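Open the model in your viewer and keep the sequence panel beside it. The stops below say what to select next and what is there.

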Amino acid sequence: MKFLFQFLFILTGSLIIQLFLPWWSIAIVAFTGGYLLKSSQNFLAGFLSVALLWGGYALWIDLGGAAPLADRVAGILSISKPLLFVLTALVGGLVAGFAALSGSILKQDKRKSLYY
């Protein structure tokens, strides 16, 4: 259940904060979600939430947009357009996954780290 709350927190927080701040602000949201809502699978919650958000948003922009921006970027990188969407989702997911993992590691139990 904590995984679902953490997933939804990172997803909605990233969606809202990206309207006002740069792309790397997802790391702040994922770090906060990993720290406050520590679950057993922090990296997966951060990775899936932002990967689905960025992949879906890139697809939505491409389907609804009149400008062929994705085709041009894929042509510059010499890759296919679906691979461009996968790479976009992968980059965002890795940033958020490692940020959520870092937030959860910061909140480790202090008693365990004092003794061997």
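**First stop: a tryptophan pair**

Select tryptophan 23, which counts as partly exposed at 48% relative accessibility. Keep in mind throughout that this is a predicted model. Now add tryptophan 54, which is buried, with a relative accessible area of 14%. By the ring-centre rule the structure has five aromatic pairs. Tryptophan 23 and tryptophan 54 form an edge-to-face pair, with 6.2 Å from centre to centre and 65° between the planes. Tryptophan 23 sits in the loop between helix H1 (2-17) and H2, and tryptophan 54 in helix H3, so the pair ties together parts that are 31 residues apart in sequence.

For aromatic residues elsewhere, select Phe43, Phe47 and Phe98, which form one aromatic cluster.

**Second stop: the whole chain**

Zoom out and colour by secondary structure. The protein chain has six helices and zero strands, so the order of elements from the N terminus reads α-α-α-α-α-α. The C-alpha trace spans about 60 × 25 × 25 Å along its principal axes.

Turn on the surface. The chain exposes about 7,700 Å², and carbon and sulfur atoms supply 74% of that area. Of the 116 residues, 31% are buried. Among contacts with a separation of 6 or more, 77% are between residues 24 or more positions apart.

**Third stop: the nonpolar cores**

Which residues make up the largest nonpolar core? Select Ile10, Ile26, Ala30, Val50, Leu53, Trp54, Ala96, Ala99 and Ala100, nine residues in all. Helix H2 (25-36), helix H3 (42-64) and H5 each supply at least two residues of this core. Trp54, from the tryptophan pair of the first stop, is one of the core residues.

Centre the view on alanine 100 and show its surroundings. Leaving out residues up to four places away in sequence, alanine 100 touches Gln6, Ile10, Ala30, Phe31, Gly34, Asn42 and Gly46. Ile10 and Ala30 belong to the largest core as well.

Apart from the largest core lies another one, of five residues; select Ala58, Ala70, Ala74 and Phe85, which are among them. In soluble globular proteins, nonpolar side chains tend to be buried together.

**Fourth stop: the salt bridges**

Select Asp62, Asp71 and Lys81, which are linked in a network of salt bridges. The structure holds two salt bridges.

Take aspartate 62 and lysine 81 to begin with. Their side chains meet in a salt bridge at 3.1 Å, N to O. Aspartate 62 lies in helix H3 and lysine 81 in helix H5, so this pair ties together parts that are 19 residues apart in sequence. Is aspartate 62 buried or exposed? Aspartate 62 is buried, with a relative accessible area of 18%, because the cut-off for buried is under 20%. Lysine 81 is partly exposed, with a relative accessible area of 26%.

Next, pick lysine 81 and aspartate 71. The closest N and O atoms of this salt bridge are 3.5 Å apart. The pair links distant parts of the chain, with lysine 81 in helix H5 and aspartate 71 in helix H4 (residues 69-77), 10 residues apart. Aspartate 71 counts as partly exposed, at 41% relative accessibility.

**Fifth stop: serine 78**

Move to the loop between H4 and H5, where serine 78 lies. Check the backbone here: serine 78 has a positive phi of about 60° although it is not a glycine. Serine 78 is exposed, with a relative accessible area of 65%.

**Last stop: a nonpolar surface patch**

Where is leucine 90 found? Leucine 90 is in helix H5, which covers residues 81-106. Leucine 90 counts as partly exposed, at 37% relative accessibility.

With leucine 90 still selected, add Leu83, Val86, Leu87, Leu94, Phe98, Leu101 and Ile105. Together with Leu90 these residues form a nonpolar patch on the surface, with about 640 Å² of accessible area. Phe98, a member of this patch, also appears in the aromatic cluster with Phe43 and Phe47.

Methods:
Residues numbered from 1 in each chain as written. Predicted model: local features only at pLDDT ≥ 70, side-chain atom pairs only at ≥ 80, totals over all residues. Heavy atoms only, no water. Patch = residues over 30% accessible without salt bridge, like charges linked within 9 Å, V, L, I, M, F, W, Y side chains within 5 Å. Areas by Shrake-Rupley, 256 points an atom, 1.4 Å probe, with all protein chains shown as cover. Salt bridge = Lys/Arg side-chain N within 4 Å of Asp/Glu carboxyl O. Helix = DSSP H or I, 4+ residues; strand = E, 2+ residues; numbered from the N terminus. Buried < 20%, exposed > 50% of the residue type's maximum accessible area, 1.4 Å probe, protein only. Core = buried A, V, L, I, M, F, W, Y, C linked by side-chain atoms within 4.5 Å. Contact = heavy atoms within 4.5 Å. Phe/Tyr/Trp six-rings, centres within 6.5 Å; stacked < 30°, edge-to-face > 60°.
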